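Reader: Could you walk me through this one and tell me how each label is earned?

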Amino acid sequence: MVALHCLRTGNEWLSGGVSGWSLTLSTGIQLSNSSRIAVNSTGVTGFYPSISGLGGAHGRIIQVIATLYGVSHARPADLDVLLVGPDGVGVLLMSDAVGSNALTDATLTFDDSAARALPEQQAATTGLYRPANYGSGVDPFVSPAPSGPYGASLSAFAGRDPNADWKLYVIDDTNDIGGEIARGWSVSIILDPTAPTTSAQLTPTANAGGWTNADTTVILTVTDTGGAGVQKITYSAFGAVSFASTTILATTVPISITVEGVTTLNYFATDRAGNVEATPSLVVRLDKTLPSATAPRARLLAGRQLSTSTMPVTLQWSGADGLSGLSRFQLQESVGGGAFAGVPVSPAKATTSTRQLTPGTTDRKRVRSADQANNISAFATGASFTPTAIQENAASLVYGGRWTSQALNAAFGGTLRFANTAGATATVTFTGRSIAWVSLTAANRGQAQVRIDGGAPVTVDLYTPTTRGRWTVFAANGLAAGTHSMVITVLGTKNAASGGTRVDIDALLFLP
Amino acid sequence: MLRRLCLVLIVMVLALLPALPHSPLAPQPAQAAITTFTSSSGIGVGRGAGNPYPPTISVPSFDRSVMHVSMTLIGLSYRNSLVNLGCNWDLLDIMLAGPDGQRVMLMSDVARDGNTSDSQRTLTFDDNAMTGLPTSGSFTSGTYAPTDVEPGELMPAPAPAGPYAGGLSVFANTDSDGLWSLYIASERATNGCQGG
C-alpha cells in the first residue's frame with residue numbers, strides 16, 4: 001500500500017486505502033427485436049417465433065442474458081417463454097411463474113448469475129432474475145418450436161457457435177387472458193473468441209541443443225484469456241516415450257520423461273467455450289549416459305617446429321557417445337609431477353593437440369569428454385613419460401663420411417652438422433617408441449634417406465623456398481618397446497627447385 | 001376490379017403478418033470477451049481526497065460496446081489507528097468514472113463496522129449482486145451492488161460533478177476506450193475531525 005497521508009486531530013488518526021483495484025469489462029453482442037409481441041388469449045402469440053439473427057460473430061458462447069421489455073399480463077403464470085438459440089437448443093426463460101400477480105410493463109432480464117429466480121407465486125417487478133420453470137406439466141409449445149425437454153438455465157447455450165437465428169416463442173397456456181411484451185426482447189451474448197494456450201516447462205531445463213541429462217518433467221500449463229476458462233488438456237507422446245492421447249480436466253499437468261532418446265509431446269487445450277488450441281508439440285531429448293574417452297597418446301610428428309628450449313609433442317585421443325553425440329573434450333596436463341591443469345582444446349571436439357614440452361621433464365596427460373547433453377566422462381589418464389632430445393654432437397650419434405659442424409642462430413642449441421656428399425651417414429641407437437629428426441630446410445637443401453632398424457628407406461627432401469630452422473623433417477612412432485637404430489644417408493640429390501644438396505642434422509627427439 | 005384484388009391481397013398479407021416469423025436483423029460481425037484490467041498500485045486515504053486522486057486504469061478499444069462492468073477494490077481499509085473501534089466505512093465515498101463521462105457512486109455512507117480484528121475487505125461491486133452494502137452492522141469481503149445510502153453527496157475536485165448513478169449499468173453500451181478513474185475520499189475533509 002502506498003504511504004498514507006493523514007492528519008492527526010484529537011484522538012482520531014484516520015488511515016487506510018486499497019492495495020489495488022480492477023475493472024472487469026464484458027463486451028459482447030446484443031441482438032434485439034423491438035417489435036411488440038401480442039400475447040393472445042387463445043394460445044399462440046403473434047410473431048411465433050420472434051426472430052433475431054446473427055452472423056459473422058467469432059468465438060464460442062460464454063454467457064447469454066435475455067431481456068423481455070414491457071411485459072404485461074394479468075396472470076403471468078399463464079405465460080411460457082422459450083428462447084431457442086443455435087442448434088435448436090431451447091431454454092425456458094419463464095413458465096408458470098409469478099402466479100396471479102399482474103405484471104405491468106415490466107422489463108425482465110434473465111441471467112444465470114442473477115441472485116434470485118423469477119418467483120413462482122410472489123409478485124415480480126422489473127429486475128434481474130434467473131430463468132424459472134414451475135409446474136410439472138408439459139408446456140404446450142407447438143411447431144415450429146422445437147419439442148422439449150428444454151434447458152433450465154442459459155448455460156445450455158455455452159460453448160455453441162452464436163451465429164444463428166435466435167427465436168423467442170411465447171405462448172399463453174390458459175387461453176383466457178391476453179397480454180403483451182410491448183417493446184420486444186433482446187439477447188446479450190458474451191463470446192470467447194480466443195483459444196487457450198499451453199506453455200511447456202522442462203525441469204531440468206534443456207540446454208541450447210535441446211538436451212537434458214536427467215529424468216525430465218514437462219509441466220504443461222494452460223492459460224485462457226478469452227474469458228471462458230480452461231476446461232481440459234489433451235496430450236500424447238511418441239518416440240522414446242510413447243503413450244496414447246490422454247485428456248484431463250485441469251489447467252496443468254506434469255509429464256515424466258525417464259526413457260533416454262527423443263520424445264515428441266503433442267498437446268492442446270480446450271476452454272469451456274469449446275475453443276480448441278492448435279496442437280503445439282515439444283521435442284524432449286534425454287541422454288543420461290556418460291560418453292567415453294581414451295587416454296591421450298604422445299607422438300612426434302614431422303612438420304613441427306621446436307622452440308629454442310622445448311620440443312613439440314603431439315597428443316592424440318578419442319571419444320564416443322551413442323546418443324546425443326560428443327560436444328567437447330577437456331585436456332589436462334601435469335608437468336614435473338605437479339597438479340593437473342587445463343590445456344585448451346580447439347576446436348572443442350579436436351582429438352589432437354601439440355604441446356611444447358621441455359626435454360627431460362616428466363609429463364602426464366589426461367582427457368575427458370562431454371556430450372551434447374552435458375554428460376561428462378571420467379578422466380582417461382595416460383602413462384607418465386619424459387621426452388628427450390639430443391644435439392647433433394651427442395656421443396650416441398655416429399657419423400660416417402664428411403660432416404661439417406656449424407654455429408647457427410636458427411639451430412636448436414645454436415649449432416648443427418651438415419654434409420653435401422652422397423653416402424655420408426649418421427647413425428643413432430636409441431631406446432624408445434618414437435623418434436624425430438630435427439633439421440633446417442631451405443632453398444638450397446638436398447635429399448636424404450632414412451631407415452629405421454634397417455627397414456624400408458624413406459626419402460626426406462629438405463628443400464623449402466624459405467628457410468625454416470629447428471624443424472622436424474622426419475618422425476617415426478609406434479615402434480616396439482626396446483632398442484632401435486636409425487640411419488640417415490645423404491643422397492647427394494636435390495629437388496629440381498633446390499640450389500644445393502646439403503643435408504643438416506640439428507637434433508634428434510625421443511619418446512619412450 | 002384490379003384495385004379490389006390488390007386490396008384483398010394486402011388485407012390477406014396484413015392478416016397473416018402476426019403469425020409469420022419476424023424478419024432477422026442484419027448479421028452483426030463481432031467478437032466479445034470478458035477482460036479484467038488490474039492496477040496493483042495502492043491508494044492511500046487519510047482525510048479528504050485519497051492519494052493518488054484519481055488513480056486510473058487505461059482500457060483499450062474493444063470492437064464491441066461494454067455490456068457489463070464490475071469493479072473490485074482489493075484490500076480496502078479505513079480506520080482510526082489511535083482508537084481501534086473498527087472500520088470507518090461510513091466516512092468513505094468511492095466513485096468510479098468511465099472514459100465516456102459516466103460515473104457511479106460505488107459506496108457512500110455505508111455501515112461503520114465494529115469489527116476490530118479484521119480491518120481489510122476486498123469488495124466487488126456488481127449490479128447482479130444480491131444485496132448492497134449494509135447501513136448498519138458489519139460486512140465481509142464479497143460481492144455487493146453499488147450502495148449510495150445518501151445520494152447527492154459530491155466528491156472533492158477534480159472529480160466530476162454529480163449526480164452519480166447508482167448502478168454500474170450506466171456504463172453499458174458506452175465506449176470503454178480510455179481512462180477509467182477511481183475517486184476515493186474521506187468525508188472528514190469537510191466535516192472536520194472529531195474524536196472517535
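Author: Let's start with M95(B), which touches R103(B), V104(B), M105(B), L106(B), M155(B), A159(B), Y164(B) and Y183(B), leaving out residues up to four places away in sequence. This is a predicted model: local features need pLDDT of at least 70, side-chain atom pairs count only at pLDDT 80 or more, and totals for chains, interfaces and linings use all residues. Residues are numbered from 1 along each chain as its sequence is written, while chains are lettered from A and ligands numbered from 1 in the order in which they are written.

Reader: What makes Y183(B) a contact of M95(B)?

Author: Two residues are in contact if their C-beta atoms, placed from the backbone, lie within 7 Å. Y183(B) is listed as touching M95(B), so that pair meets the cut-off.

Reader: Why is M95(B) called part of a nonpolar core?

Author: Such a core is a set of buried Ala, Val, Leu, Ile, Met, Phe, Trp, Tyr and Cys residues joined through C-beta atoms within 7 Å. Buried means 20 or more other C-beta atoms within 10 Å of a residue's own. M95(B) belongs to the largest core, of 99 residues, and is among those touching the most other members, so M95(B) counts as buried. Strand β6 (residues 60–73) of chain A gives the largest share, 8 residues.

Reader: How do you know that β18(A) and β21(A) pair?

Author: Strands are DSSP runs of E, at least two residues, numbered from the N terminus, and two of them pair if DSSP finds at least two bridges between them. β18 (residues 230–239) and β21 (residues 261–271) of chain A have 9 bridges, antiparallel, so they qualify. K232(A) stands opposite T270(A) there.

Definitions and conventions:
Buried ≥ 20, exposed ≤ 12 C-beta atoms within 10 Å, placed from the backbone. Helix = DSSP H or I, 4+ residues; strand = E, 2+ residues; numbered from the N terminus.
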